[in-house]
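Ready to work through a protein model by hand? Grab the sequence, open the 3D view, and try each exercise before you read its solution.

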Amino acid sequence: MTIHLYFIYFIFRITRLILGANILSERIGAYLAEKWRYNYHPLIIKGEDKPNQPVIERSTIRVLKVVYAGERRGVKCSLTVTDLKGLQCQDYHCLSYTWGNPFGPDVDYVIQYRSIFAIRLEPLLSIIRKAWKQLGRFLQPEQYTISVDGGFLTVTPNLWHALIHLNQTRPDELQAIWIDAICINQGEESKQGEESEKTSQVGIMNHIYQTAKSVVVWLGPEDTRNENPAVVSEVIDVLHKQEEARPGFCKNMMEMVWKEDFEEFPAPDSMRSLGFEHWFYVRNFLQRAYFQRMWIFQEVILAQKIIVTCGKRVMNWDDVRDISQAFSSFGTDIMTRYSRPGSWAGECNAPHRTAFWRDQYREKPEKEGLRKQFGPFVLVSNRNAYQCGDGRDMLYAHIGVCNYDRIVPNYEKPVAQVYTEFWIDVLELKISTVLDFLTCVEDSSGSVNCRKLTALKKVTEEMDLPSWVPDFKAKCEPESLTQHYYTDCFSASAGIQETRHSICHINYHLTLHGFIFDTITETTESGAELQQHNSTVRILSLMILLLFKHGQNYPTNEHPFEAVWKTMAILTDIKGERDTDYPPPLSARESFRNWLLYILTLPRALPTMRNAQNESQDPLVNILHSLDTSKLVPSLWDVKLEAEAHRLFLHSRVEHGRARLKTPSGPAAKIQSRSDEDLALTFKATNKGHLGMAASSFGDAALKKMRLFLTQEESFIGKGPQSMRVGDKVVLVSGARVPFILRRVEAEGVERWGFVGQAYMYGVMHGEVAGKWEGREAREFVVE
């Protein structure tokens, strides 16, 4: 090493000893890590001439030993290469953590009592808090430098804090620990024809975590503002006491549900004592980034023992599971019933679900594992619940825990190639219902990647996918029709001669066989448009078109408006619960009527929300009500009465809030002090004419991820993706149990099609139109 590097190292040490780890010292450290980088010794794969030898007997890994770790002294450690089989006889541990920011989203929600002076200053205080936060992020180093066997490496801030805190709370585990960011040579470039070290290590990661004595879970430093550890600990203590009084209580919590009346809630008094404040902080704790990380699913399930650390606190994994289950069983309902709607109402992951699969894995034979769950994990459940930085890990993170050997990790392949090859492998399975997997192709308008539609190919920053291949980094929205409802629920393609689909492995074109049933001629407002404009003009217009086409008799021999509410109820979680009933229950009919009345009422009750679109609703309501024999459409008189009731309700809430501000003591301002009348006005219908806030939930849930459409020739009503357009075709495909929506794409004079998504069509889903296809030859649809 040259003299100037020793001089820079001296400056680095002095700066850190005096000022601690800061942006200046770590920039110097980053320069050292670049010029004086630790030189990894290559991992040797033993028995390369014996490919049938078990992987655990021929694999080697590095194990980390931390010599010392301190905020000012820094982190010094060493690496040892050893074979994986030999480690089974030793005590070593694994670290499970998230690479990025460990905290959840910041929540500005004030629970404590505030004076009028504090409320007036809130806008200014909010600006100061945001500016202080931005300054803190600017001064926070993007990476920290550690010393490894005389060389230097950079690590993420969260890993740096993990090493510092664990050196104080769990020093024994740091004597032999496996950490992916340090023990794997992340910067190695593979030679042509050889797999990279990262690829080979990911292939044995399940063995690494499974043979470790324990897995240390690092959630990140404590967050006293958003989480309040004392309150979270209080919830844990209540659960412990309840478990002592009623053994098995924590295990059976999910069976306890809210009744229609709060007084019938079966929870014990100790759980009733936990108010909004407790569950608010528990929810923020469960929203930590760690619980949203894809790889934790494998790391936690395979672990022999789990040690959870958060800052200087050490927790039991069972406690994390129990508060997660308690929040799911009790907390969400209490937060909904005792608070105003707000940004806090977003979803948070549930570690108790991971704990459930951990129990399932341990009950299965080792070779079987969770193999049968690979498809559901990848296609829907974990895809919607977890995230990862590298898109390939959406598939690779499940291989070990599911013992799925049809995929071999390869980080040299582009993400698009990995996804496409996997999806081709799925669609070429020799099963009759394989095309039902196309219902798991997400709606392009709702992608988390903000994808653009170019000839319906999914173009993101990383990849260019065919329209019929899922982007596994995006949520599966809307949910799959064939997976949501019971097996063999639908048979829309009945009567179509079976013809096997085919895939071109060169240009990745999927060839389907079937018939164009009809063309989409009308679409209704999406959920976002309803919230923005508070107008149902297009929904009302669609209902009028149904009446003019079918009169009082839809092709299923019922009133057309019955078809409307039954279609809206598809893939709709009524009352916030996962509803798999089919056909939809009659309770959805009343929910539809209440929602229609509520959405027509809101602009009248709140004049500031009224616009030109609202004005055009009144004539449509008059027409529909005069022709409606189903009693689903309210009259304008009903709308005006409900608007007045809603206006009086809002006025009473304002007066109630002013009275609370005059209360000198803090406890009176707590959320638990709300009266029964206030609670009822907030959530449920009353005998005073007000429907309650719950009336809006049906439409919000029904149109959040899908919207209604009407076909041109047959005038059938259906429900499809948000991204569908007028002119798209509803196609019945041989071998598929539900219809698909395709979009014609002209490519150099050759007809091609883009895949838009699945569809539900009322009056078609059970083979009612099978007679139309008898004796007819199906046409080809080449989907690109």
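## Exercise 1: Check a helix

Helix α1 has 17 residues, which at 1.5 Å a residue should span 24 Å, and its end C-alpha atoms agree because they are 24 Å apart. The expected span here is 1.5 Å times one less than the number of residues. Helices (H or I, at least four residues) and strands (E, at least two) are DSSP runs, numbered from the N terminus.

A word on what you're looking at: this is a predicted model, where local features need pLDDT of at least 70, side-chain atom pairs count only at pLDDT 80 or more, and totals for chains, interfaces and linings use all residues. Residues are numbered from 1 along each chain as its sequence is written, and side-chain values use heavy atoms, with hydrogens and water left out.

**Task.** Work out which residues of α1 are buried, and what they pack against.

**Solution.**

1. Set the cut-offs: buried means under 20% relative accessible area, exposed over 50%, and partly exposed in between (1.4 Å probe, protein chains only).
2. Pick out the buried residues of α1: Leu 5, Ile 8, Phe 12, Thr 15 and Arg 16. Seen down the helix axis, they fall within an arc of 95 degrees, so they line one face of α1. That arc is taken from the directions from the helix axis to the C-beta atoms.
3. Recall the general rule: an α-helix has 3.6 residues a turn, so residues three or four places apart point the same way.
4. Turn to the other side of α1, where Ile 3, Phe 7 and Ile 18 are exposed.
5. Find the partners: the buried residues of α1 pack against α2 (23–35), β2 (74–83), β4 (144–148) and α5 (157–169).
6. Step just past α1, and you meet Gly 20 with a positive phi of about 80 degrees.

## Exercise 2: Find the greasy patch

**Task.** Which residues make the nonpolar surface patch of about 780 Å²?

**Solution.**

1. Patch members have over 30% relative accessible area and no salt bridge (a side-chain nitrogen of Lys or Arg within 4 Å of a carboxyl oxygen of Asp or Glu). Like charges are joined within 9 Å, and nonpolar side chains (Val, Leu, Ile, Met, Phe, Trp, Tyr) within 5 Å.
2. Areas come from the Shrake-Rupley method with a 1.4 Å probe; for residues, only the protein chains shown count as cover.
3. The patch is made by Phe 7, Phe 10, Ile 11, Ile 14, Leu 17, Ile 18, Leu 19 and Leu 24.
4. Helix α1 (residues 3–19) supplies the largest share, 7 residues.
5. Look at one of them: Ile 11 lies in α1 and counts as partly exposed because its relative accessibility is 30%.

## Exercise 3: Visit a strand and the loop before it

**Task.** Is Ile 717 buried or exposed, and what is it in contact with?

**Solution.**

1. Locate Ile 717 in strand β16 (residues 717–721).
2. Its relative accessible area is 0%, so Ile 717 is buried.
3. Contact means heavy atoms within 4.5 Å. Leaving aside neighbours within four places in sequence, the contacts of Ile 717 include Leu 542, Tyr 554, Val 564, Phe 709 and Met 761.
4. The C-alpha atoms of Ile 717 and Glu 522 are 9.5 Å from each other, though the two residues are 195 residues apart along the chain.
5. Now go to Ser 715, in the loop between β15 (706–711) and β16. Ser 715 is not a glycine, yet has a positive phi of about 55 degrees. With a relative accessible area of 8%, Ser 715 is buried.
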